[in-house]
Every structure is written in structure tokens, then in C-alpha cells.
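User: Please take a close look at a single part of this structure, one strand and its surroundings, and then place that part within the whole. A connected account would be preferred to a list.

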Amino acid sequence: MSLWNEPKSHPNKLLSDHLQRVGGLCQNNLSSKKINFTDYLDVNLLEAIAYLIGVAHDFGKSTSYFQEYLAEKDEVKKAKLKNKNETHHGFISALFTYYIVKQYLIEKNVLNEKYNQYLPVISFLVVKRHHGNLNNILDEVIDFDKNGEEILLKQVEAIDFSSINSIYQKLFNSINFQYDCIEFKKTLLETNAVYIYNKLDRYEKKYVLDLSRSEKKLVSNLDEEDTLFFYFLTIFLYSLLLDADKVDAADLKEIERVDIDKNIVDEYIKHNFKVTPKKEEKINSIRNTIYKKVATDSLNDLNLNEDKILSLNVPTGTGKTLSSLSFALKLRKKIEKEYGFKARIIYSLPYLSIIDQNYSVFEDVFKLSSKGNQPTSNILLKHHHLSDITYTSNNRNKEFENVLPAEINKDLLLIEGWNSEIIVTTFVQFFHSLITNKNKSIRKFHNMINSIIILDEVQAIPHYYWLLLNKMVKFLAAKFNTYFIFITATQPLLFNEKDGEIKPLIKNKEEYFNSLDRVELVLNLETICLADFKLILQKDLLENPHKNFLIVLNTIKSSKEIYNSIKGMNLANNKNYYLSTDLVPKIRLKRIEKIKRKTKARKIVVSTQLIEAGVDLDVDVVYRDFAPLDSINQVAGRCNRNFGQKRGIVKIFTLKQEEGKKEFYKFIYDSFIISKTRDIFKEFENKIISEKEFLKLSNLYFDKVSSGKSDDKSIEILKEVKNLNFEEISKFKLIESEYQKVDIFVELNEHAEEVYRKYQNIKEIKNLWDRKNEFLKIRKDFYDYVISIPYQYAGDFIENKEGIAKSIFPKISKEEIKQDFYYEMETGFKRSEDVSEGERGSLIF
């Protein structure tokens, strides 16, 4: 075969080179992991299987159909060739993979071992879907038709087997495997007789019988196997292939792993907290004690082989973020010393509103250690749907504006692959990479194992997924040497501490809860109307002119009504702030930053739930519409956070619009957790609850939730996971959206106007990839001005009764805002209908 006739995988890449590099990357990436699979199969064997998957995954590109498509210069003709079934390479490549994996196991005399026998069909699935999403494994082995058979035969005839054989002999030699590709051709052409009741019924292709009979019988037994192993094995191999394939196709250079000084947080704290204001002496003393016990003492008591699921359960405002980062860096160094691998640190949070805040803290830590230089992306990375798409490393710094579309794709690949030492991300990014069938999400899975995963504000995980999370985390910890740190002030019972399922980093946590007396909780459980609530609030505001207030409501409508009521009071020396998702994200974040700054003027903040978790805010008085206990505990953490001289007050009310209407909390919260909260509070009715009792309250609450919760959703998903029913797994949603929404762009200012103009120009670009790449350049700026509005309020932006928006992103123009239509600068989108709804999950993404 001459160089000029040798098939290509991509326009400028020989197929043989691509297969060799992908196979090598799959094998090397697997061999770099420390995994405990001795109960299932030999890891050295698995490395060879990963290599075979890598070298076989694009076998089908050797057809003349694919080569003709690749060589075509005319875009119209090329598009037609691409859509021809004969050009598609997934199925024939999957069959090739299936048979060479099977033959390799036969040669090693291990095919019939319990877990090894599943390797050929799992390899088949992984390769067949490497350009799509994973499908139910049972469907994949029975879904054949005559049309597909004819296409396959055409593809077989369109391959120069003598030439492709010479490529594969070299590839197979590296693992001492001998296989003649002509045997694969014979297998695909072979037809066998099918008898029913000893009578000839029909003739079937051998490959159809192998899959639809032998493999069907095998995968039908997955239910009896009752293990998570096959699921994690599948997504592990799939992840290795996807990443290797994309890395080589994009000609990405390997990002070198780098060391991080384990003491950088210690140095940061010494530098930034030399002087403590007198009023903060007590809380800072507690923070320092907790930091020392977590970041230093707890590590000495850690058994790396046994202690892989850990908890940090301390009061709000006591420095959990820096303590956990410092501990993770020191744990990483201990792992490297004892086990020989560098563990990535994945810091995951539920709310977008606090991701930027925590990421900024981490940035400051690294800036100090690097004399003011911004940490590069290979060290510290932020990843969510609105984050930047520029990836930097020491040898890869560039100006974003000057990069080519191909470079944008490279940046995106590196970011989405989590090629960094520390990744700050959302719960949805994390959990939807763990429980999914999506190609794009699973690709990063191999970088999630052998890591240290910090799950902050873990109480945000719905109780009906506790069992699911428990089982998956325990498997990842035990078999993939992955370490978990669960952080919260209100520890939900995901794991049983008494049974040793989780190890606390703070042994005497009661001591710290008991030492705090920053706030008191005042309960008003009887339902009152919003009009009466206004009078109570107004009286309090007038009687306490020097105190900062935070009022948290359950619905956007009620929050706006209260805000406008306060605004109408015209209080002296007063600054009012409003927060909800009706404001564009850019304004929300700016407003939060303003609220956090110290001012002479008294602050009154009216907000929905988006303020309550993690936002570093400190007020004197909190008013909160009734909510689950963990939400109340979180908002209490915004009150007298730094231990002021006077105790803060958190007042709980149960609000409704007017007589005859239902309470606002019923619009947004699960009735089960609300009922458990009310049960707990009945024991404290007409009493003032001090902060010292918060831990007791939380323990009682989570005991009741744990004993009364339904595990049906978890059990259902676990069943689909164990049976490799990936289509059903794809239905998993960490946050269930209860409202149909319409995304609207708000042309708030000249910058927004310019961004939308760019977006309109991008829509005119005909080539899909060029259009996508151009949008990626403006994506972050664009979504800074996008709000999601419930369908019932978006009538003017909807085309017809089917609820189709007038464009992908309808807009509210600058002119409309000037004329007081649709959007108001202080409170955001203007709602006209009399419908109440909340914001549960609106920031979890």
C-alpha cells in the first residue's frame, strides 16, 4: 500500500497513525490509574482490551465510501456523502471490535470467566456509540434488519482487506496478538441455518446469531448479577475511548500534570489574617481551631485504604472552604507518596451564585503563591455552562480574540475533559457525568476517578437520591480509589457514621456548635397574609434603623411585593437591594458584590432563595418565609456571621397571599420535607431556639427524613444502571424542573446590544461548525443577559398555542425597556399574571 493510497481517518491524518495513537492513549490512560478490580478481572487484561478498543474503533473508515467522503472538496457533495449509510463506520467498527476482543480472550483462555465474558459485548457497545450516546445494551444486540445487512455487505466489499491487514498486524503486534482481518470478512459473510423444532426455519448471518442469541442471553442475566461493576466498566472504557479519539483528532498535546505546594493555603491564611478585628476575635479563633484540626490533625489519623468517604460538618461561617481545600491538597500529597498517583481535586457546589465566589477565593490563594500571577487552567479550572472557554497553561497562553475556530475547539476539549489539577464545578456537571448516557458528559469520567471529590452544601441533594448516591460513591471509593469529602453545616444521612460508612474530619463537632451563640430562631408557624406581614416588617424596620435586614421569600411575586412596600417607606440612610432570577445574571452578581461591601447606609435585602446558600453575607436580622429546615439553617448562616456584639435574629413566618389562598411554600417545596420540618418545630413552638440547638434540630430533622423517605427513585435508577439500560438512565435529573420556561435575552445596555448584534450575525453563518465556534466566543457574554421566564408569563414571546418561541432567543429590546415594557431595572422582568411560583433549582446547573 503506497502512502498516497493509505486510508485516512481525518483529512490530514493517516488512519494507521490515528488508530495507533488512540489505542496507545486508551492503554496508557488506563494503566496510569490505580483501580481495585481484583474481585472482577485482571487489570493487565483490561489494559489490552482498552488498547484493542482504541485501535479498532475506526476500522470502518477504511471503506472506499468513507475515503471518498473524506476526499470530497465540494461542500454540497460532501454533505450528501456524509449522510449515506455506507459512509457510516460505527456498526462495522463495533463488530470488528467485538470479534477481535473475543478472539483475544479465547487466545488467553479467559473468555468463559464470569466477568470476562461480558467484555466483547461491552466493547461492541462502546465502539458502536462512540459518535453518539449510549443506548440500552439489550437493544443493541437485537436491533438488526435486512437493510442494515445489505449496507454492511457493501461496506465489506469496499475494504481492501489485504492492505488493512498489514496495518492491523503492526497494531496487534504491540500486545502479542495475532489476528487475520480476512477472518472478520469471512465471519460477516457467513450464513448459518436456523432450526425451530428440528425444522429449518431460515438462514441468518453468523454475526446476527452471535449477538442476538449468545450475547442477548448473557446481557439478559445482568439483573441477576446485581452489580454496579458493569456500568462503571462500560463508562470507564467509553470515557477512555472518547477522550483519546477527540484528543488525537484535534492534535492536542498532552497536558503535563503539575505539582502543587500542599502548604499554599497555610501561607495564604498567615498572610491575609495577621490582624483580627476585635469583634471577630471569637469566630476567628473557632475558624483557626477547625482549620488546624481539619487541615493538619485529621490527616495523621487517616488510613488511605479504608478512609475514603469523609465528612466536614461544622457551623456556617467557620471556614469550611479553605479548610477543605487545604486538607485536600495535603491528602493529595499523601496519596502521591503512598500510592504513586496525583489525585485531581474536584470541588463541586450546587449553586452558580457561589461557584464564582469560591473560585475567586482559590484564585487568590494561587495568586499569592505565584506573586500575583493568575493561575493557569491546567492548575485551576472553572467549569459550568456559563464559564469561559479559554484554556491556558504555561506553554499555551494566548489572547482569546486571536484564536482560530480549531483552537476554540481545542480549548473546549481541554476544559470539558477536566484537564486540570483543581476543577471547580456544579453538582449537575458532576452528577450528570456519573449517571448518564451522554457522550459529552461521560468523556471526563476517567479524570474523575482517582480524584478527591469535595461536595459542598451536600444538603442540596434531594432525599430521594440519597440511596443512589450512597451506592455509587461507595463503589467509586472502593474500586476506583476515589476520595469524597462531604461538606455541610446540616449533615444529611447519606451515610451511616455509626456503621463506619463515613469518617468525620472533626470528631467533636458538637463542641463547635455549642460554642456559638450568634443567632436565635423565632418561629411563627401560624399562617398570615402578606398584608399583615408587611405591617410586622415595617414596624421592625422603623424600630431598628441601624440594623441590616435580609428578607427571603419563596416566590418572585411575593418578593417583589415586599420590596416595593419597603421602597415605598422612603426610609432615611437606607439602601435597598432586590435579588431574584428575574434579573439578568450580570446584574445579580454585581448586586451581590455590592451587598457584601461595607457601607455606612443601612442595608435591606429582599431576595428569593438564591441568596441563602454560601453567599458570604452578614446581616443583623433575617425574615424567612417557611421552608425546609436545611434552607432555614442556611439562611441563618447569613445572620451575625462574624459574631457581632448583639445576637442576630432569624424570624420564620408562614406566608400566603390572602385568605383562601394556599401558603407560598406549597408552590415550590416537596411536601414530605416540609412536613418533617413542621414536625420538628412543633417541639419548639413558642420557644426561642438558640444556635447551640441547631445541630440537635438538624439531627432530628434528618433522622425523620431518613426514616420516612421513599427510595423508589433511587432503586429504579439503580436497576437501570445495573442492567445497562442507558436510555432509561438518561432520564435521571438531579433537579426536576416543575415549570416550562422560555429563555429571553434582555438588551439591557449598549454592551448587551452589541452582543445580540453579534448573535444575529452568527445565525446567518451557514456552516454549522463555524456557527457553533463563533457562538462559543460570545457565549459567556450572551448568557449574562439571558433570563428564563415561566411559560405562563411569556405570552408575548411565544409564537403559537404549541408554546414555540418566536425565535431561539427572543429579546426585550433597549427601546422596550426605556418605554417601561417587560423589564424594570430594579426588579427585572415584569410579570403581569396572577400566578405564584418559586425558584427551586434555578441556580443549580
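Analyst: Both faces of strand β5 are covered in this predicted model. On one side I309, S311 and N313 are buried, and on the other L310 and L312 are buried as well. Five of the five residues of β5 (residues 309-313) fall under the 20% relative accessible area that counts as buried, so the strand is largely enclosed by the rest of the structure.

The strand belongs to an open sheet of seven strands, ordered β7-β8-β6-β9-β10-β5-β11, with parallel pairing. In that order β5 stands between β10 and β11. Its pairing with β10 is parallel and extends over five bridges, with L310 opposite I485 of β10. On the β11 side the strands also run parallel, joined by two bridges, and here the bridge partner of L310 is K503. L310 thus has a partner in β10 and another in β11.

The edges of the sheet are formed by β7 (380-383) and β11 (503-504). Each of these has a single partner strand, so one side of each is left without a neighbour in the sheet. Elsewhere in the sheet, β6 (residues 345-349) runs parallel to β9 (residues 452-456) and is joined to it by four bridges; S348 stands opposite L455 in this pair. Helix α19 (residues 427-434) packs on the sheet, where it touches β6, β7, β8 (422-426), β9 and β10 (483-488). The direction of α19 makes about 95° with that of β8.

The loop between β10 and β11 holds T490. This residue is buried, with a relative accessible area of 0%. Apart from neighbours within four places in sequence, T490 is in contact with N313, Q459, D630, N633, S698 and F702. Among these contacts, N313 leads back to β5, where it is one of the buried residues.

A second open sheet, also described as having seven strands, follows the order β14-β15-β13-β16-β17-β12-β18, and its pairing is mixed. Its edge strands are β14 (574-579) and β18 (688-690), each of which pairs on one side only. Neighbouring strands of this sheet are turned by 20° against each other on average, direction ignored. Within it, β16 (residues 621-625) and β17 (residues 648-656) pair in the parallel sense over five bridges, and V621 stands opposite I649. Helix α26 (residues 585-596) lies across β14 and β15 (602-607), running at about 145° to β14. Helix α28 (residues 671-682) lies across β12 (519-529), β17 and β18, at about 115° to β12.

A helix pair may also be described. The axes of α22 (residues 466-480) and α30 (residues 712-722) come within 7 Å and cross at roughly 40°, which makes α22 oblique to α30. The crossing is right-handed. From α22 the contact involves W466, L467, L468, K471 and M472, and from α30 it involves S714, I715, I717, L718 and V721. These residues divide into eight nonpolar, one polar and one charged.

Finally, β3 (residues 191-196) and β4 (residues 199-205) run antiparallel and are joined by six bridges, with N192 paired to E204. The two strands form a hairpin with two residues between them, and Y197 in the turn has a positive phi of about 50°.

Definitions and conventions. Residues are numbered from 1 along each chain as its sequence is written. This is a predicted model: local features need pLDDT of at least 70, side-chain atom pairs count only at pLDDT 80 or more; totals for chains, interfaces and linings use all residues. Side-chain values use heavy atoms; hydrogens and water are left out. Axes are lines fitted to C-alpha atoms, for helices over the stretch in contact, and angles run from 0 to 180 degrees between N-to-C directions. Angles under 35 degrees count as roughly parallel, over 145 as roughly antiparallel, 65 to 115 as roughly perpendicular and the rest as oblique. A crossing is left-handed if the near helix is turned anticlockwise from the far one by less than a right angle, and right-handed if clockwise. Contact means heavy atoms within 4.5 Å. Ala, Val, Leu, Ile, Met, Phe, Trp, Tyr, Cys and Pro count as nonpolar, Asp, Glu, Lys and Arg as charged, and the others, Gly among them, as polar. Two strands pair if DSSP finds at least two bridges between them. Buried means under 20% relative accessible area, exposed over 50%, partly exposed in between (1.4 Å probe, protein chains only).
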